[in-house]
Amino acid sequence: MAISKAKRQAVLEKSQGRCAYCNAPLTLETLTVDHIKPKSSFVSEGEADCLDNLCASCKTCNTAKAAMSLKKFKAFVNRRNNELLKLEADRRKAIAQAERLSQEIDGKKFDYIHHLRKTAPLNVINSKASE
């Protein structure tokens, strides 16, 4: 059963116009109504659609949450955020390392990694990498 426009408006007001999960601003056009407890855990659809079980959500969060419980979804989001933070830290570290390995020679940028790949035998590069 579809959520009525009046109930959608009530859900939007209840959330102060923000996604309950990522806090993104929402309008009636961008709002998706999410069931906090999945519909499958209720005997009747009417119980699942009560205002206390509904929250405002952006499409991205609602799609990602699917039928997960709120606890499982928050753990999923935290795990993904930690993975993204680690990837960003690794990217910054690689950029800093590449900048340290490059130096200015006769007004030209000299890239040690590129130079090694072109000139050094593969076993030399691998032994340097493992040190």
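Contact here means heavy atoms within 4.5 Å. The structure in the viewer is a predicted model, in which local features need pLDDT of at least 70 and side-chain atom pairs count only at pLDDT 80 or more, while totals for chains, interfaces and linings use all residues. Residues are numbered from 1 along each chain as its sequence is written, and side-chain values use heavy atoms, with hydrogens and water left out.

**Stop 1: Asn62**

Select Asn62 and the residues around it. Leaving out residues up to four places away in sequence, Asn62 touches Thr32, Val33, Asp34 and Ser57. Asn62 belongs to helix α3, residues 59-65. Helices (H or I, at least four residues) and strands (E, at least two) are DSSP runs, numbered from the N terminus. Is Asn62 buried or exposed? Asn62 is buried, because its relative accessible area is 18%; the cut-offs are under 20% for buried, over 50% for exposed, and partly exposed in between (1.4 Å probe, protein chains only).

**Stop 2: Lys65 and Asp34**

Stay on helix α3 and select Lys65, then add Asp34 in strand β1, residues 32-35. Their side chains meet in a salt bridge, with 3.4 Å from N to O. The term covers a side-chain nitrogen of Lys or Arg within 4 Å of a carboxyl oxygen of Asp or Glu. This pair links distant parts of the chain, as the two residues are 31 residues apart. Lys65 is buried at a relative accessible area of 1%, and Asp34 is also buried, at 3%. Side chains of opposite charge can pair when their charged atoms come close.

**Stop 3: the nonpolar core**

Next, select Cys19, Tyr21, Leu26, Leu31 and Cys61. In the largest nonpolar core, which has 13 residues, these five touch the most other members. Helix α1 (5-14) and strand β2 (54-57) each supply at least two residues of this core. The largest share, three residues, comes from β2. A nonpolar core is a set of buried Ala, Val, Leu, Ile, Met, Phe, Trp, Tyr and Cys residues joined through side-chain atoms within 4.5 Å. In soluble globular proteins, nonpolar side chains tend to be buried together.

Keep Leu31 selected and show its surroundings. Which residues does Leu31 contact, leaving aside neighbours within four places in sequence? They are Arg8, Leu12, Leu26, Ala56 and Ser57.

**Stop 4: Ala10**

Move to Ala10 in helix α1. Ala10 counts as partly exposed, because its relative accessibility is 26%. Add Leu51 and draw a distance between the two C-alpha atoms: the separation is 8.0 Å, although the residues are 41 apart along the chain.

**Stop 5: helix α4**

Finally, go to helix α4, residues 70-101, and select Lys86 and Asp90. Their side chains meet in a salt bridge, 3.0 Å from N to O. The two residues lie four residues apart, about one turn of the helix. Lys86 is exposed, with a relative accessible area of 52%, whereas Asp90 is partly exposed at 35%.

In the same helix, select Glu88 and Arg91, which are three residues apart and therefore separated by about one helical turn. They form a salt bridge in which the closest N and O atoms are 2.9 Å apart. Glu88 is partly exposed at 28% relative accessibility, and so is Arg91, at 43%. Add Arg92 to see the network of salt bridges that links Glu88, Arg91 and Arg92. The structure holds five salt bridges.
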